[in-house]
Structures are given as C-alpha cells and as structure tokens.
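Colleague: Got the model up? I want to go through the empty spaces and then some helix packing.

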Amino acid sequence: MPYLLQLLYLCLEIVVWLAGFAHGHHPSEPAKYQKLPSLRDQAKIEQAWRVERIAKIPDLLRKYRADAWLMSQREHAEDTIWWSIKNATAFDSHRRTVVLFHTKSLTTAEIPNPIVWVDNTGQVWPELRATFEEHNFSRIIVNADRDIAFAGGLHVGEYDTLLSELGEKWTERFVNEPTLAIEYVATQIAGQLPYYRMLQETVWAMLEEGFSHRIVRPRITSTEDLSWWFREKIQEQNLTTWNQPRISVLVEASYPGWAGTEDVIQEGDILHIDFGLTAMGLNTDTQHMAYVLRTSQDIPEEDAPQSLKEGLRKANKMQDIVLANMEVGKTGNQVLRESLDQMKNEGIEGQIYCHPIGDWGHGAGAVIGFLNLPEFVPVVGELPLLPYTYYSIELYAYHFVEERNETIRFRIEENAHWDENSHSWVFVRGRQERFHLVDKRKALSSSLTVQVP
C-alpha cells in the first residue's frame with residue numbers, strides 16, 4: 001500500500017508539473033509563420049463556426065428564461081452582436097436588418113432560427129407582429145443595456161422605431177439581460193483553437209524577426225520605423241490588426257498607454273511592443289520585451305543583464321498568480337483582489353489588467369483590473385468568469401534595475417485559452433521567459449541584407 005501511495009503522489013506531481021508546463025515556458029523552437037487557408041476556405045470554416053455557435057442560442061435563451069432575442073439595425077449602425085452572428089462574407093448589414101432568435105418550434109419547417117428580415121419598405125413590422133402573435137412570446141430580450149457594450153447595441157433610433165411599430169403589447173415584454181450577449185460572444189468553440197494557435201505562432205514569428213538584427217540597426221532604426229515594419233509585415237502575411245503596433249523604449253518614466261515612443265534605438269535599450277493580429281474573426285493581443293545588446297564596448301554583452309532577467313521572472317510570477325486564481329464563477333474583482341493580496345505577501349509590486357479576447361481584441365466577459373482602476377472595476381469587474389473564453393493575461397511588475405539605477409515596469413501579455421482537461425486557462429503558445437535579443441554582430445557577420453525600415 002505505501003508503494004501505491006508513493007506512486008499516486010508521483011503521478012499527481014507529474015500532473016501538476018505538466019499543468020505548470022502547459023501554463024507557460026518559453027517555446028524551445030523558433031516560431032514559424034503560419035499560412036492560413038485561402039480566403040474562400042476561411043469563409044467556409046468561419047461559416048461552420050457560426051452555425052455551431054448560433055445553434056447554442058436557444059439553450060442560452062432558456063437559461064435566461066426568455067423566449068426570443070430581437071435585434072434591429074441599419075446599415076452602418078449595426079448592433080454590436082451583429083459582428084458575432086453575421087455570415088462570413090458579410091461586411092455590414094443591409095437596409096434595415098431585423099434578426100429574431102427564438103426557442104419555439106415554428107409551424108413552417110423552412111423558417112430558420114434566426115428569422116431574418118432585410119427591408120426598407122416597412123413590411124417587416126406587420127410580419128414581425130404576426131410572428132409575435134403566433135407564438136405569444138412573453139420575454140423578449142433586446143440589447144439596450146446602459147453599461148455593457150455587447151448588450152447595448154440597439155441604437156436609440158431603432159429602439160424608438162420598435163416602440164412605435166410594435167406597440168405597447170409587445171414592447172412591455174422587452175427585457176434587458178446583458179449576460180446573454182456576454183455569454184454568447186465570450187464562448188469560443190473547439191474548432192477555433194487550432195487556427196488561434198496558428199495566429200499565435202505567427203505573432204511569435206513576427207516578434208522574433210522584428211526584435212532581431214535582421215530588422216533593427218542600433219543608432220539608425222527608430223521605434224516608429226519598427227512599428228511600421230510590423231504593420232507592413234502584418235499585411236504581407238494577409239492579416240490585419242485591430243490596433244497600431246506600439247513600440248517603446250522603456251525607461252523609469254514610461255507608463256503603459258496607447259502611444260509608443262519616437263526614439264532612435266540605441267545599444268542597451270529595453271524595447272517593448274503591444275500589438276494584435278486579426279484573422280478569421282479572431283484577435284490576438286501580445287506584449288513582449290527585447291534587449292539591444294551592447295556590442296560596441298570593450299567586453300561585448302552576450303545576454304541581457306541579470307537585473308532584467310529578474311524583472312521578467314517577477315512578471316512571469318505574476319502570470320502564475322493570476323492564472324492560479326482564475327476560477328470559473330469568481331468575479332473579475334475577486335480574482336484581482338486575491339492576486340493583489342498574494343503579490344503583496346510575496347513582495348511583488350505591479351498592476352494587473354487582464355481582459356477577455358476573441359471576437360474582439362477587448363472581448364466580452366469579466367475584466368480583471370483596469371489601468372485606471374487598479375483595485376476594483378465597476379460593472380464588468382463584477383461579472384463572473386465564464387469557461388471556454390480566451391483571455392489576455394496582461395500585467396506589469398515593478399523591478400529595480402541595478403545596472404540602470406532605476407525602476408522599470410516589466411510589461412508582458414500572452415493569450416490563454418480554456419483547457420477542458422485541466423479546467424483552467426493555459427497559454428496558447430507558451431509565454432515570454434527570456435528577452436528577444438538584438439545583436440548587431442550577427443548582422444555584420446551574416447550574408448543576409450539588413451532591412452532598414
């Protein structure tokens with residue numbers, strides 16, 4: 001029996017070790033650019049995802065005790081949810097597009113769920129009223145929430161039109177249930193993950209190339225040059241982005257924000273990037289750090305200074321803390337408070353500002369801190385964490401860098417997905433645990449032509 005117990009404990013230790021490995025670790029092999037299917041094939045794949053996701057809506061309606069979910073929008077003024085339910089080849093709604101999801105079996109088998117009207121004559125209203133009359137819907141969800149964008153996409157003009165065209169009998173049955181929209185958008189399906197992994201590897205390939213001697217020439221290349229190199233590279237890969245790549249030289253005074261810096265890159269600089277890719281209805285959001293080796297001095301550097309490594313390890317520890325506290329059902333603020341308390345106990349100072357990601361760069365669901373709300377976030381911080389959601393684990397750790405005599409914010413961000421086996425979030429492609437290094441000597445000794453932005 002003692003032998004069996006020892007074996008059991010050994011197995012548990014292996015499981016824990018494997019879980020930790022899944023959570024992190026810098027990939028050992030260089031990343032490779034991943035080629036996505038043709039646009040035509042992407043559309044077929046996305047359409048299959050759409051069908052699978054929409055098939056879950058009737059059960060979601062039942063969960064929230066509703067009979068129907070009504071959306072009304074006009075071209076150029078789409079409901080936020082439109083972008084998560086539209087056909088893969090649709091670029092906007094047409095005319096006035098009314099969408100009605102429901103839970104009831106309709107009398108005519110050919111009528112789909114959802115029922116969709118595209119109209120600019122007003123004929124939609126008597127048909128919609130007739131549908132309501134036939135099925136006597138008692139609770140009709142509309143996206144009119146005041147606080148949450150994913151559940152607040154019904155424009156005021158459309159709402160006024162619904163009031164006048166449907167009448168009090170039906171509009172008094174309208175209900176606001178924001179968690180329906182949140183749960184629909186936040187829930188990713190298994191088929192998306194392989195393609196999300198491809199996107200993440202492309203992110204890493206771009207970072208490994210951009211933060212290298214191939215692209216950066218110290219005293220010549222600027223952070224703006226490098227930012228536009230990333231934009232060009234994104235387009236070259238037939239991808240797009242949801243924000244401008246922001247590159248900064250980190251110094252004590254620098255603070256996370258929406259703008260990079262406009263520095264000429266020098267040896268000894270700590271570089272930082274914040275950017276995301278968009279493809280196939282999926283979004284990434286990544287922050288990495290690089291170090292420009294001092295190779296012109298008498299004893300050239302071979303690696304980043306020890307203090308920088310310690311700062312990155314501290315930020316990695318913060319990632320571990322957040323992931324360990326991210327339990328389904330907890331609110332974002334609970335995870336934030338527990339993580340901050342644990343950081344304090346371990347002598348770590350920093351800030352956490354994690355967010356869902358997926359259909360949007362800043363996705364639907366519970367947020368875990370904001371930059372301007374470091375300890376408690378109203379409304380979206382009080383939402384519970386849902387499974388099958390992608391998360392950006394975004395944060396920074398303060399660390400005093402002895403070599404510079406200054407305190408630097410070590411800013412990192414990686415995307416995580418819900419793992420069904422461990423019932424936890426794990427990084428899609430590991431995490432940064434060592435600096436990308438820019439080594440001018442490799443450019444001088446290489447037969448490659450250095451690309452000057």
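Colleague: Which residues line the second largest cavity?
Modeller: This is a predicted model, where local features need pLDDT of at least 70, side-chain atom pairs count only at pLDDT 80 or more, and totals for chains, interfaces and linings use all residues. Numbering runs from 1 along each chain as its sequence is written, and side-chain values use heavy atoms, with hydrogens and water left out. The second largest cavity is lined by Ala186, Pro356, Ala364, Gly365, Ala366, Pro384, Leu385, Leu386, Thr389 and Tyr391. On a 1 Å grid over the protein atoms alone, a cavity is a set of points where a 1.4 Å probe fits but cannot get out, and lining residues have an atom within 4 Å of a point.

Colleague: How do they split by class?
Modeller: 8 nonpolar, 2 polar and no charged residues. Ala, Val, Leu, Ile, Met, Phe, Trp, Tyr, Cys and Pro count as nonpolar, Asp, Glu, Lys and Arg as charged, and the others, Gly among them, as polar.

Colleague: How much space lies in that second largest cavity?
Modeller: About 40 Å³. A volume is the space filled by probe spheres set on the points, with grid points joined across faces, edges and corners.

Colleague: How many cavities come out in total?
Modeller: The count is 2 cavities of 30 Å³ or more. The largest cavity holds about 40 Å³. Its lining includes Val185, Ala186, Asp359, Trp360 and Tyr390. Helix H8 (178-186) and strand S12 (355-357) are the elements that give two or more residues to that lining. Helices (H or I, at least four residues) and strands (E, at least two) are DSSP runs, numbered from the N terminus. By class, the lining of the largest cavity is 7 nonpolar, 4 polar and 1 charged.

Colleague: OK, pockets. How much space lies in the largest pocket?
Modeller: About 920 Å³. Of its 33 lining residues, Glu46, Lys86, Ala88, Met280 and Gly281 are the closest to the centre. A pocket is an open set with protein on both sides within 12 Å along at least five of seven lines.

Colleague: Which element gives the largest share of that lining?
Modeller: H2, with 8 residues. Helix H4 (82-85) and strands S8 (278-279) and S9 (282-283) also give two or more each. The whole pocket lining divides into 16 nonpolar, 12 polar and 5 charged residues.

Colleague: Switching to helices. At what angle do H5 and H6 pack?
Modeller: About 70°, with the axes of H5 (residues 124-135) and H6 (residues 156-166) 10 Å apart. Axes are lines fitted to C-alpha atoms, for helices over the stretch in contact, and angles run from 0 to 180 degrees between N-to-C directions. H5 and H6 are therefore roughly perpendicular (65 to 115 degrees).

Colleague: Which residues meet there?
Modeller: Trp125, Leu128, Arg129 and Phe132 in H5 meet Thr161, Leu162, Glu165 and Leu166 in H6. Contact means heavy atoms within 4.5 Å. The class split is 5 nonpolar, 1 polar and 2 charged.

Colleague: And where do H11 and H12 touch?
Modeller: Met318, Ile321, Val322 and Asn325 of H11 meet Val335, Glu338, Ser339, Gln342 and Met343 of H12. That contact has 5 nonpolar, 3 polar and 1 charged residues.

Colleague: What about the axes of H11 and H12?
Modeller: They come within 9 Å and cross at roughly 140°. That makes H11 oblique to H12 (angles under 35 degrees are roughly parallel, over 145 roughly antiparallel, 65 to 115 roughly perpendicular, the rest oblique).
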